[in-house]
Amino acid sequence: MYQKVGKVAYKADLSNIQKLDTHLKHPHHSFPSIHVAGTNGKGSTCHILASVLQEAGYKVGLYTSPHLRDFRERIKINGKPCEKQFVVDFISLNKDFFESNQLSFFEMTVGMAFQYFKERQVDIAIIEVGLGGRLDSTNIITPLISVITSIDKDHTAILGNTLPKIAMEKAGIIKPNVPVVVGERRSLLRSRFRESAQNINAPYHQVNHKLKAPVSDLSAWYQKDNLRTALTTLKLLDTLYAFNIDENHIKKGCNKVSINTSFYGRYTKLSSYPLVIADTAHNVAGVKALMKQINKEQFDKLYIVIGMVSDKDALKVIKLLPPTAYYILTQATVSRAMPVEVLSKYFEELNRSFEVINDVKTAKKVAIEKAQESDAVIVTGSTFVVAEIF
């Protein structure tokens, strides 16, 4: 299970999901979809798209990963997780097939999502790529529109250690004659995506980041790029496929992303005095964005509760964090978690002030107790750390 153990659970091959798709009689053919890839921003973009389409009156399937607390968060319709009984029945019905074909956790889950959306007869499904794009299990679909958000170095052991290599893996979701919306800002990477699209006659649409982003309950500055990317995609849906999406739907949907889709953990404010923020930033680009946003807030002292997973470049991330903050190092209860003994060595090397509290909830509690009303507390470093405080 990739969520727990990391890259050894990743299968760079579509043969298993294709077998499962055949076994299930191709459920993804039963509904139109939008396919979203990227290093950062793809989850937010998916939830924005789903929220606006819900406001426009559509029955919207949403498949994302990883989950925070409950597996069923991965498979939603109009913001509601799939029923426990559906999960139980789907596994029971297909268990022999799963075991005989040695399907991965992610492959089973993708098949489950597609079957659920078919049975519940969604009007459209928003499908988030799990990892990469080209060889991701979701890449058996032919969507109405492919979307690629921003690119950064993450999962380098699997996707490659340069941005162009990573970009080419993401570009693997571009399909012949299917429009692609690209939110990436850097010209070198944009040109790679444009070339990939032209090679297979896929209409290329670059997001105009000079446009004013819609107002949203996702208040962090870095969400503006995701809002523009979603908006570009929605305009195309309306123009090319006659989806009825007007300005009012966009306004309401962008303002109610969290309410409509139960989307948390991306600069989520948990309290004001002291200011407490939960953010799943876990790579260089994500942490840069988080620091830029927190610096817009008014506070005296900053406390950071942080835990990471073992396959991240911890030193690069930690160097981006403010040297004046007080750190509480912690460790999520998954086998991928970086041991606090390892994490603490990086903080010692950089001469940062810290203490170690293994339990995440206790670490958050201690940080809030130490903080004055005029201070700020951030819980970050890993999706798994953030999951344990909700």
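Strands, such as those flanking the loops described below, are DSSP runs of E with at least two residues, and helices are DSSP runs of H or I with at least four residues; both are numbered from the N terminus. The model shown in every panel is predicted.

**Figure 1. Strand order in the open sheet of eight strands.** The strands follow one another in the order S4-S3-S2-S5-S1-S6-S7-S8, and their pairing is mixed. Strand S4 (80–81) and strand S8 (204–206) form the edges, each pairing on one side only. Strand S1 (residues 33–37) and strand S6 (residues 145–148) run parallel and are joined by four bridges. Within this pair, Val36 has Val147 of S6 as its bridge partner.

**Figure 2. Strand S5 between its two neighbours, S2 and S1.** Strand S5 (residues 124–128) is mostly covered, and five of its five residues are buried. The cover extends to both faces of the strand. Ile124, Ile126 and Glu128 are buried on one side, and Ala125 and Ile127 are buried on the other. Strand S1 runs parallel to S5 and is joined to it by four bridges. Ser33 has Ala125 as its bridge partner in S5. Strand S2 (residues 60–63) is likewise parallel to S5, with four bridges between the two. Here the bridge partner of Tyr63 is Ile127 of S5.

**Figure 3. The buried and exposed sides of helix H14 (residues 340–349).** Val340, Leu343, Ser344 and Phe347 are the buried residues shown in this helix. These four residues lie on the same side of H14 because they cover an arc of only 100 degrees around the axis. Lys345, Glu348 and Glu349 are exposed on the other side of the helix. The elements that cover the buried residues of H14 include strand S11 (302–306) and helix H13 (314–319). Strand S12 (326–329) and strand S13 (353–356) are also among the covering elements. Just after H14, Asn351 takes a positive phi of about 60 degrees.

**Figure 4. Pro339 in the loop between S12 and H14.** Pro339 has a relative accessibility of 30% and therefore counts as partly exposed. Leaving aside neighbours within four places in sequence, Pro339 is in contact with Ser310 and Gln331. Ser310 and Pro339 are 29 residues apart along the chain, and their C-alpha atoms are separated by 7.9 Å.

**Figure 5. A nonpolar surface patch formed by Tyr264, Leu270 and Phe390.** Together, the three residues have about 250 Å² of accessible area. Leu270 belongs to strand S9 (residues 268–272). The relative accessible area of Leu270 is 34%, so this residue is partly exposed. A residue needs over 30% relative accessible area to be part of a patch.

**Figure 6. Two cis peptide bonds, each leading into a proline.** Most peptide bonds are trans. The bond from Ser65 to Pro66, by contrast, is cis, with omega near -5 degrees. Pro66 is located in the loop between S2 and strand S3 (75–77). The bond from Tyr273 to Pro274 is also cis, with omega near 0 degrees. Pro274 is located in the loop between S9 and strand S10 (275–278).

**Figure 7. His26 and Ser262, two loop residues with positive phi.** Most residues other than glycine have a negative phi. His26 is not a glycine, yet its phi is positive, near 55 degrees. The loop that holds His26 joins helix H2 (15–23) and S1. His26 counts as partly exposed because its relative accessibility is 31%, and residues between 20% and 50% fall in this class. Ser262, which is not a glycine either, has a positive phi of about 55 degrees. Its loop lies between helix H11 (257–261) and S9. With a relative accessibility of 35%, Ser262 also counts as partly exposed.

Terms used:
Residues are numbered from 1 along each chain as its sequence is written. This is a predicted model: local features need pLDDT of at least 70, side-chain atom pairs count only at pLDDT 80 or more; totals for chains, interfaces and linings use all residues. Side-chain values use heavy atoms; hydrogens and water are left out. Buried means under 20% relative accessible area, exposed over 50%, partly exposed in between (1.4 Å probe, protein chains only). The arc is that of the directions from the helix axis to the C-beta atoms. Contact means heavy atoms within 4.5 Å. Two strands pair if DSSP finds at least two bridges between them. Patches are made of residues with over 30% relative accessible area and no salt bridge: like charges are joined within 9 Å, nonpolar side chains (Val, Leu, Ile, Met, Phe, Trp, Tyr) within 5 Å. Accessible areas come from the Shrake-Rupley method with a 1.4 Å probe; for residues, only the protein chains shown count as cover. A salt bridge is a side-chain nitrogen of Lys or Arg within 4 Å of a carboxyl oxygen of Asp or Glu.
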